[in-house]
Every structure is written in C-alpha cells, then in structure tokens.
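Work through the exercises below with the sequence and the model side by side. Each task is followed by a solution in steps.

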Amino acid sequence: YSGKDNPDPWANFRMSEAFGVSAFKGCLIRLSDKYIRVTNLVKNPANDKVGENIKDTLFDLAAYALIAVCLIEEEEKSEQFHDVINMVGKHNYDNPS
C-alpha cells in the first residue's frame, strides 16, 4: 500500500522499475515469494516465523493476483496508446490515400 495521499496506488510495485523490472513482473516476483511461503507453511505450519499464517498468505496471494491484473491492463492500454500515436505519426497528410 503506497499510502492514502499518494495518487499512484501502485507506487510500491513501480519501485522495481528502478532495477529494470516492470511493475507487472515485480508483482509476479512477489506472487512467487508468497507461493513459496504457502508451500513451506503447508509442509510445516511451524515455519511461521513472522506471524503470517497460511490464511493471511493466501489473502496476500489473491490481492497480488488482482494487482497484477490491474498492472497488465495498464501496460496494455499504454501499448495501445503508443500504437495509435505511431500510426498517426506515420500518416502522410500531404498525400492522403
């Protein structure tokens, strides 16, 4: 959570971009970390060393999955926007076809 005063709700996920990793891929990394945590807790509930039980971890997995959907939709919209800009830029207004 990036805070109520931050206009970008995904700011924490965008921090991965400083390392050359898209926010979407950074979110996938967090998902994989949580998945590994779930598998470790299933093997042995005593592996809970940070006070986050399996149910909490599953809620985190669900939330990260939804955030990943939002981030990938954002990337798709950005790509579509750039495609339109590129199309407009290539149009020859002097010689319409």
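Both Glu52 and Arg37 are buried, where buried means under 20% relative accessible area, exposed over 50%, and partly exposed in between (1.4 Å probe, protein chains only). The exercises start from this pair.

This is a predicted model, in which local features need pLDDT of at least 70 and side-chain atom pairs count only at pLDDT 80 or more, while totals for chains, interfaces and linings use all residues. Residues are numbered from 1 along each chain as its sequence is written, and side-chain values use heavy atoms, with hydrogens and water left out.

**Exercise 1. Find what joins Glu52 to Arg37, and which network the pair belongs to.**

Step 1. The side chains of Glu52 and Arg37 form a salt bridge of 3.3 Å, N to O. A salt bridge is a side-chain nitrogen of Lys or Arg within 4 Å of a carboxyl oxygen of Asp or Glu.

Step 2. This pair links distant parts of the chain: Glu52 sits in the loop between helix 2 and helix 3, Arg37 in helix 2, and their positions lie 15 residues apart in the numbering. Helices (H or I, at least four residues) and strands (E, at least two) are DSSP runs, numbered from the N terminus.

Step 3. Through shared partners, salt bridges join Lys34, Arg37, Asp48, Glu52 and Asp60 into one network.

Step 4. Within the network, Asp48 also bridges to Arg37, with the closest N and O atoms 3.3 Å apart. Asp48 is in the loop between helix 2 (23-43) and helix 3 (54-90), 11 residues apart from Arg37 in helix 2.

Step 5. Arg37 counts as buried because its relative accessibility is 17%; Asp48, at 27%, is partly exposed.

**Exercise 2. How many salt bridges does the structure hold, and which residue pairs with Arg14?**

Step 1. The total is 6 salt bridges.

Step 2. Arg14 pairs with Asp8, and their closest N and O atoms are 2.5 Å apart.

Step 3. Arg14 has a relative accessible area of 21% and is therefore partly exposed. Asp8 is also partly exposed, with a value of 21%.

**Exercise 3. List the elements of the protein and place Gly26 among them.**

Step 1. The protein has 3 helices and 0 strands, in the order α-α-α from the N terminus on.

Step 2. Gly26 belongs to helix 2. With a relative accessible area of 10%, Gly26 is buried.

Step 3. The C-alpha atoms of Gly26 and Ser16 are 5.8 Å apart, although the two are 10 residues apart along the chain.

Step 4. Over the 97 residues of the protein, buried residues make up 22%.

**Exercise 4. Which residues make the nonpolar surface patch of about 250 Å²?**

Step 1. The patch is made by Val42, Ile54 and Leu58.

Step 2. Val42 lies in helix 2 and counts as exposed because its relative accessibility is 57%.

Step 3. Patches are made of residues with over 30% relative accessible area and no salt bridge; like charges are joined within 9 Å, and nonpolar side chains (Val, Leu, Ile, Met, Phe, Trp, Tyr) within 5 Å.

**Exercise 5. Judge the confidence of the model.**

Step 1. The mean pLDDT (the predictor's confidence in each residue, from 0 to 100) is 85 for the protein, and 87% of the residues score at least 70.

Step 2. Among the elements, helix 2 has the highest mean pLDDT (93) and helix 3 the lowest (85).

Step 3. Where pLDDT is low, the predicted coordinates should not be read in detail.

Terms used: Accessible areas come from the Shrake-Rupley method with a 1.4 Å probe; for residues, only the protein chains shown count as cover.
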